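Me: I should like to learn how to read a few features of a structural model. Could we work through them one at a time?

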Amino acid sequence: MAATASPGASGTDGKPRTSPKSVKFLFGGLAGMGATVFVQPLDLVKNRMQLSGEGAKTREYKTSFHALTSILKTEGLKGIYTGLSAGLLRQATYTTTRLGIYTVLFERLTGADGTPPGFLLKALIGMTAGATGAFVGTPAEVALIRMTADGRLPADQRRGYKNVFNALIRIAREEGVPTLWRGCIPTMARAVVVNAAQLASYSQSKQFLLDSGYFSDNILCHFCASMISGLVTTAASMPVDIVKTRIQNMRMIDGKPEYKNGLDVLVKVIRYEGFFSLWKGFTPYYARLGPHTVLTFIFLEQMNKAYKRLFLSG
């Protein structure tokens, strides 16, 4: 039987043939980019909501729905996709790096007998990979925040970036290369919080649902646990996210930055806009989280199937 086995089904060592690591990383980035095309409008609304009412000004948007309808009315359908090129580059850099680091660390820390790392070690790997990916993706994140914020400003105050590459070149030229990594600390902190909250809340939510007696370990249980996990993750990460957004969008006023650091952002938001303003944009952020994850896995699965059919089949 071994002699007649399909060459596409297994390798010379008898193990099933799989795509190379480089292809897996590429597909991971492409899957994230594909999902971004669908959820970019939610990212735009979230960013606008987080900047609305900045500096004790009157809130431009009452709700996320009001923000979406206002953007469509004043900027048109094209307006809700402002910053798409930056969103795609963010996924290309952040997702690919995170997946690559996670895979390498996971394999390094897997026992000689094939025993995978324990829960806490997996969590640490996930947080390390997330923070590293966030650092690499920060320039694209800065460009994304600025591009999505532009439409809310008067015409004479807009930065007017044509695309993500134009944004990166102009930021480096006009404000210096270090500005591309402005807000990298809260960006990395958000990635750590998101990874930690997702891991802890998903497993706890799943166990709670199974213990209730109303669920069995199936796709419905996984979906409900994911939605609960997304809720917890959004609530935990939004205060860090608004810090990141405000710092990356800030301008220099009389030679001084609007905010000194992340703590200054938190203090000013709470003082001038109210404590619950730390969760501005909660709805689009939460609404984005689920679809982006689901679409990423759908695209990833389809690309893996296509690669297997084209290159690994007999």
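Reply: Certainly. Please keep in mind that this is a predicted model. We may begin with burial: a residue counts as buried when its relative accessible area is under 20%. Cys 221 has 0% relative accessibility and therefore counts as buried.

Me: Which cysteine sulfur is nearest to that of Cys 221, and how far away is it?

Reply: In general, a disulfide is a covalent bond between the sulfur atoms of two cysteines. In a model, the sulfur atoms must lie within 2.5 Å to count as such a pair. For Cys 221 the nearest cysteine sulfur belongs to Cys 224, 7.2 Å away, and Cys 221 is in no disulfide. The count of disulfides by this rule is zero.

Me: Is Cys 184 buried or exposed?

Reply: Cys 184 counts as buried, because its relative accessibility is 14%.

Me: How should I read the packing of α4 and α7?

Reply: Consider the angle between the helix axes, where 65 to 115 degrees counts as roughly perpendicular. Helix α4 (residues 119-149) and helix α7 (residues 219-249) pack at about 80 degrees, their axes being 9 Å apart. The two helices are therefore roughly perpendicular to each other.

Me: Which residues meet there?

Reply: From α4, the residues include Val 142, Ile 145 and Arg 146; among their counterparts in α7 are Lys 244 and Gln 248. By class, this contact of α4 with α7 comprises three nonpolar, four polar and three charged residues.

Me: What does Gly 79 touch?

Reply: Gly 79, which lies in helix α2 (residues 64-79), touches Leu 44 and Ile 71, leaving aside residues up to four places away in sequence. With 5% relative accessibility, Gly 79 counts as buried.

Technical notes
Residues numbered from 1 in each chain as written. Predicted model: local features only at pLDDT ≥ 70, side-chain atom pairs only at ≥ 80, totals over all residues. Heavy atoms only, no water. Axes fitted to C-alpha atoms, helices over the stretch in contact; angles between N-to-C directions. Helix = DSSP H or I, 4+ residues; strand = E, 2+ residues; numbered from the N terminus. Parallel < 35°, antiparallel > 145°, perpendicular 65-115°, else oblique. Contact = heavy atoms within 4.5 Å. Nonpolar A, V, L, I, M, F, W, Y, C, P; charged D, E, K, R; others polar. Buried < 20%, exposed > 50% of the residue type's maximum accessible area, 1.4 Å probe, protein only.
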